[in-house]
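Thanks for taking a look at this one with me. Below are some numbered notes to read alongside the coordinates.

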Amino acid sequence: MAMDITQFLLAAQSANAGERTDAESKLKQFQEQNRPAFLLSLSVELSTDGKPNESRSLAGIILKNSLDAKDATMKEYLVKQWGGTDITYKAQIKGLLLNTLGSSVHEARHAASQVIAKIASIEIPQKAWPELVGSLLLNMTEQDKPATLKQATLETLGYVCEEISHNDLVQDEVNSVLTAVVQGMNGAEQSVNVRLAATRALNNALDFAQTNFQNEMERNFIMKVVCETAMAEDTQIRQAAFECLVSIASMYYDVLEPYMQTIFQLTANAVKGDEEGVALQAIEFWSSICDEEIELQDYEVPDSGDSEVPHSRFIEKALSSLVPMLLETLLKQDEDQDQDDGIWNIAMAGGTCLCLVARTVGDAIVPLVMPFVESNISKSDWRSREAATYAFGSILEGPSIEKLSPMVNTGLVFLLHAMKDENSHVKDTTAWTLSRIFELLHSPATGFSVITQANLPQVVEVLLGSLRDAPHISEKVCGAIYYLAQGYEDAGTSSSLLTQHLLNIIKCLVETADRTDGGDSKLRSSAYETLNEVVRCSNLAESSQIIAQLLPAIMNKLAKTAELQIGSSDDREKQGDLQASLCGVLQVIIQKLGGVEETKPVILQAADQIMMLFLMVFGCRSSTVHEEAMLAIGALAYATGQGFVKYMQEFYKYLEMGLQNFEEYQVCSISVGVVGDICRALDDKVLPYCDGIMTLLLKDLSSGELHRSVKPPIFSCFGDIALAIGEHFEKYFQYVVQMMQGAAEVCAKLDNTDEEMMEYGNQLRRSIFEAYSGILQGFKNTKADLILPHAPHMLQFIVLVSKDQPRDETVIKAAVAVLGDLADALGPKLKMLFQEHSNWIDELLREFLQSDDEQLKETGLWAQGMIARAIQSV
């Protein structure tokens, strides 16, 4: 039975903290003691027009949060709770919500729409609310229904379509929904709010319209209504109609040909003279077409041009009209657009679309853009100079090097001079364009670079000078230096060109990171990220002394962070961000110097001090610091090898904390990775800590709270531990193998039509095989017989994975490695099993041996040799 909770809901929003806490406590108590009655009481509150708007709004929010959550585990729990609610209560709640759609209060109608959609997301897939769509459609078809009810009904239909899959409705229901929605969009509809709700609902329902879009007559009707709606008087309706066109471009590219001329005219008019929100969607339509055509080009069979969807080359056909339209948008900049990272305007949308057009059509764009660049680049008006620079930078990816090379070689000198332009917008865009040039056209390792021995000194001088410019410009310059350094990675003798400038570059980047005026622009983190890349890509043979000098300077900076005055949570956050950046630099230095025997002593000599600094950093509870310090400790373990054992006693408590950090699951995942680093460094010296580590890892795997992405690394970590401690892994083996077999069964049930789930499944499969390999190698000499009873299951899992469609190469490589490890560890004992499965094993290995990938071929050859030895043994 429902209870009157109005006063509690109002008190829960009181300015008085005591009243608020007391009311929240009473609401929570009611929820825990009688959840069905609590949900019913909230529904009564929401549906009663005489109640205060404040209490009704909060009732709607609590109802929605009682049915859905961002966290997958919590969502699953809430779905189960609703499923277990008495059917009488559920029917009353749903009835009240449907009635609320007719409320005179907009906020109540809106909340009811959202809650109905959340219930629908649970019940419609289970066929538990079959009458919902019919009930909603009655509101649209019955005579004399008020416009407010129609608007709320269309909004609800839109939300429901957003929440459920297109497979959850039968075609008759889809047809009825689309009919109601398209009628609501019709120009004859008097209510602006109804037309707007209908247009937005269509956008959410488009995924359901696949059958309708294959029917020419139905498709023509839908497209006619959408195109007419894009010319409606109301701005919001026009914007919503263009949003529909954007979705249609992505979903139904293959049937757009007959409508493209009309759509081009609509988008051109919108870009030229409509409100910004409408114009942005008109540009987005062409960006979506580019995305589709780029994907089609990627998947086309060379020479034949075959792909499942016909490539209509809309961009190529519209190019001569489309490019001038986009170039005009570049002149519509905002005065303060370079100050705000979150800003998005017509000029930025046009430039982004121009980038995509360049990637779609390649060389053909250059002659259409360069006249605009040449005629505007030297004008006195800053907008013209900035637009010309933006256009130039936007076409650097797509056209061939042969086409770009002459204009970039000529333009580089001009751009370097433009870094001294009087206008900050021009300098900001110039720095971005330079970073694009260095990213895309500076690759000495492949034999082409716009940077030469002759122009490099000027490039470095200009970039380092511009680091002292305004923070937003300096941040873009950091990006240019980042790609300049990256281009010299693995470039042989060419990398020596940068070495003579390295000391100066590092000095200027450290000074930039120390600037006090860049706190809000991410300048400090950009400077440190660039410093990391400069160190990582440097020629170690020539730069080891410079990097060795940088080490104590960064250590000193990290030590000083402990002395910062912390007076607020903001101060604590700034300290944490700085510590994270400095730990990141130390990690790169440790990896660079510690990875080579000649320079490793530099790290070994400083290791004690470095570890003390990392332990000091763990005193800060910020998750970012935790992550960066953990990663750096993993690098230190690798560099110091068995010498790392002296730090384990002090470090172990922080490792435990990391492995138990379910809330900040990235920290937990990194901590699992560090366990692997430590095992590889210490080998059996890690044994005293294994009981504690294994207990936590098994607990993590069993937890429903821990984010699923952490679980594959845990299985890989089992392999690292088994390899490190060998026969001592026996005490954990039975627990681990049960977990692995359970995970293998989960892999078989995953939905491979969902791209995200498929990727997760591949990670899980790969990690299970890595665990098996580690255990097999660890047990090989003394405890191999423990594995024998599980060998048939392992082979069965490999068979299953070998039949995957599509098949992930890294997974199947790990599977074949396990085949070889099984043969190596158990030899003649598996002779019968291998002979029994010889057909599919031979077929799988034959695939590997015919592969163009040398690593796959090598793994296949090794596994073939191991299996042959096992079968031929007496």
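1. A553 sits in helix α27, residues 540-560. Helices here are DSSP runs of H or I with at least four residues, strands are runs of E with at least two, and both are numbered from the N terminus. With a relative accessible area of 37%, A553 is partly exposed, because that class lies between buried (under 20%) and exposed (over 50%), using a 1.4 Å probe and protein chains only. If you measure from A553 to F848, 295 residues away in sequence, expect 50 Å between the C-alpha atoms.

2. A word on the ground rules before going further. This is a predicted model, where local features need pLDDT of at least 70 and side-chain atom pairs count only at pLDDT 80 or more, while totals for chains, interfaces and linings use all residues. Residues are numbered from 1 along each chain as its sequence is written, and side-chain values use heavy atoms, with hydrogens and water left out.

3. Now the overall picture. The protein has 41 helices and 2 strands. Its C-alpha trace spans about 85 × 75 × 70 Å along the principal axes. The radius of gyration is 32 Å, which agrees with the value near 29 Å for a compact globule of 874 residues. That radius is taken over C-alpha atoms, and the globule rule is 2.2 Å times the number of residues to the power 0.38.

4. How much of the protein is buried? Buried residues make up 54% of the 874. Among contacts with a separation of 6 or more, 71% join residues 24 or more positions apart; a contact means heavy atoms within 4.5 Å. The protein exposes about 39,700 Å², and carbon and sulfur atoms supply 50% of that area. The area comes from the Shrake-Rupley method with a 1.4 Å probe, and for residues only the protein chains shown count as cover.

5. On charges, there are 69 positive and 120 negative ones, and their mean positions are 3 Å apart. Lys and Arg count as positive and Asp and Glu as negative, with His and the chain ends not counted. Each charge is placed at NZ of Lys, CZ of Arg, CG of Asp or CD of Glu.

6. Please have a look at helix α21, residues 401-418, which has a kink of about 35° centred on G411. The bend at a residue is the angle between axes fitted to the seven residues ending there and the seven starting there. G411 is also one of the buried residues of α21, along with others including L404, M407, V408 and L412. What do the buried residues of α21 pack against? Their partners are α19 (366-376), α20 (382-394), α22 (424-440), β2 (448-449) and α23 (456-466).

7. L415 is a good place to view that packing. It belongs to α21 and is buried, at 4% relative accessible area. Setting aside neighbours within four places in sequence, L415 contacts T389, F392, T430, T433, L434 and I437. The C-alpha atoms of L415 and K427 are 9.1 Å apart, with the two positions 12 residues apart in sequence numbering.

8. Y483 lies in helix α24, residues 471-487, and is partly exposed at 23% relative accessible area. Beyond its neighbours within four places in sequence, Y483 is in contact with S435, F438, E439 and H442. From Y483 to S443, 40 residues apart in sequence, the C-alpha distance is 9.8 Å.

9. D577 is in helix α28, residues 569-594, and is partly exposed, with a relative accessible area of 38%. The C-alpha atoms of D577 and S525 are separated by 8.2 Å, although the two are 52 residues apart along the chain.

10. Finally, two backbone angles to check. Most residues other than glycine have a negative phi. D144, which is not a glycine, has a positive phi of about 60°. D144 is in the loop between α8 (132-141) and α9 (147-163) and is exposed, with a relative accessible area of 76%. D683 also has a positive phi, near 50°. Where is D683 found? D683 lies in the loop between α32 (665-682) and α33 (690-702), and at 35% relative accessibility D683 counts as partly exposed.
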